[in-house]
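Open your viewer, load the coordinates and keep the selection box handy. We'll go stop by stop.

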Amino acid sequence: CWARRCHLIDPFNVVGITDIASDDITIFPIPAQDVLTVSGLPASATLRLFAADGRSVLNEPASSTTHQLHVAGLSGGTYVLRIDAGERAMYRRVVVE
């Protein structure tokens, strides 16, 4: 870091945010090729997909309780899916081929 003070931000370690109950949420297919479907989403959820290096590669508001992320343009590999709903969040590892 070239500045006098550096602050590193870890998007996967947020204090004060509770987890979304994962029993109702289903993510399929794993591995995904063209579309990754997420069902059982809470109202007003936002889906964010992060690459292994921490870059946000997709950021979409859920259109309903079931939402499809189009992943055909992404490189094959492991990604982290973050689902935000108000003050709650959930993380899942997903694979794209």
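Here is a short tour, from the whole chain down to single side chains.

**Before you click**

This is a predicted model: local features need pLDDT of at least 70, side-chain atom pairs count only at pLDDT 80 or more, and totals for chains, interfaces and linings use all residues. Residues are numbered from 1 along each chain as its sequence is written, and side-chain values use heavy atoms, with hydrogens and water left out.

**Stop 1: the whole chain**

Switch to cartoon. You'll find eight strands and zero helices, where strands are DSSP runs of E with at least two residues, helices are H or I runs of at least four, and numbering starts at the N terminus. Now colour by burial: buried means under 20% relative accessible area, exposed over 50%, and partly exposed in between, using a 1.4 Å probe and protein chains only. On that scale, 30% of the 97 residues are buried. The surface that the chain exposes comes to about 6400 Å², and carbon and sulfur atoms supply 50% of it; these areas come from the Shrake-Rupley method with a 1.4 Å probe, and for residues only the protein chains shown count as cover.

**Stop 2: the three-stranded sheet**

Select residues 26-28 (strand 2), 35-39 (strand 3) and 66-70 (strand 6). Together they form an open antiparallel sheet in the order 2-3-6. Strand 2 and strand 6 sit at the edges with a single partner strand each, so one side of each has no neighbour in the sheet. On average, neighbouring strands here are turned by 15° against each other, direction ignored; the axes are lines fitted to C-alpha atoms, for helices over the stretch in contact, and angles run from 0 to 180 degrees between N-to-C directions.

Strands count as paired if DSSP finds at least two bridges between them. Strand 2 and strand 3 have three bridges, and a hairpin of six residues joins them. Pick Ile-27 and you'll see Val-38 as its bridge partner; Thr-26 stands opposite Ser-39. On the other side, strand 3 and strand 6 share five bridges, with Leu-36 opposite Leu-69. Is strand 3 mostly covered or uncovered? Four of its five residues are buried.

**Stop 3: the core**

Next, show the largest nonpolar core, a set of buried Ala, Val, Leu, Ile, Met, Phe, Trp, Tyr and Cys residues joined through side-chain atoms within 4.5 Å. It has 21 residues, and Val-38, Val-71, Leu-81 and Ile-83 touch the most other members. Strand 3, strand 4 (46-50), strand 7 (77-85) and strand 8 (88-96) each supply at least two residues of this core. The largest share, four residues, comes from strand 7.

Centre on Val-71. Leaving aside neighbours within four places in sequence, its contacts (heavy atoms within 4.5 Å) include Leu-36, Leu-49, Leu-58 and Val-96.

**Stop 4: a charged name under cover**

Go to Arg-82 in strand 7. Arg-82 counts as buried because its relative accessibility is 8%. Which side chains does it reach? Measure to Asp-84 for a polar contact of 2.7 Å, then to Tyr-91 for one of 3.0 Å. A polar contact here is a pair of N or O atoms within 3.5 Å; within protein, one must be able to donate a hydrogen and the other to accept it, and residues adjacent in sequence count only if both atoms are side-chain atoms.

**Last stop: Ala-89**

Ala-89 lies in strand 8 and is buried, at 3% relative accessibility. Add Asp-19: the two residues are 70 apart along the chain, yet their C-alpha atoms are separated by 5.0 Å.
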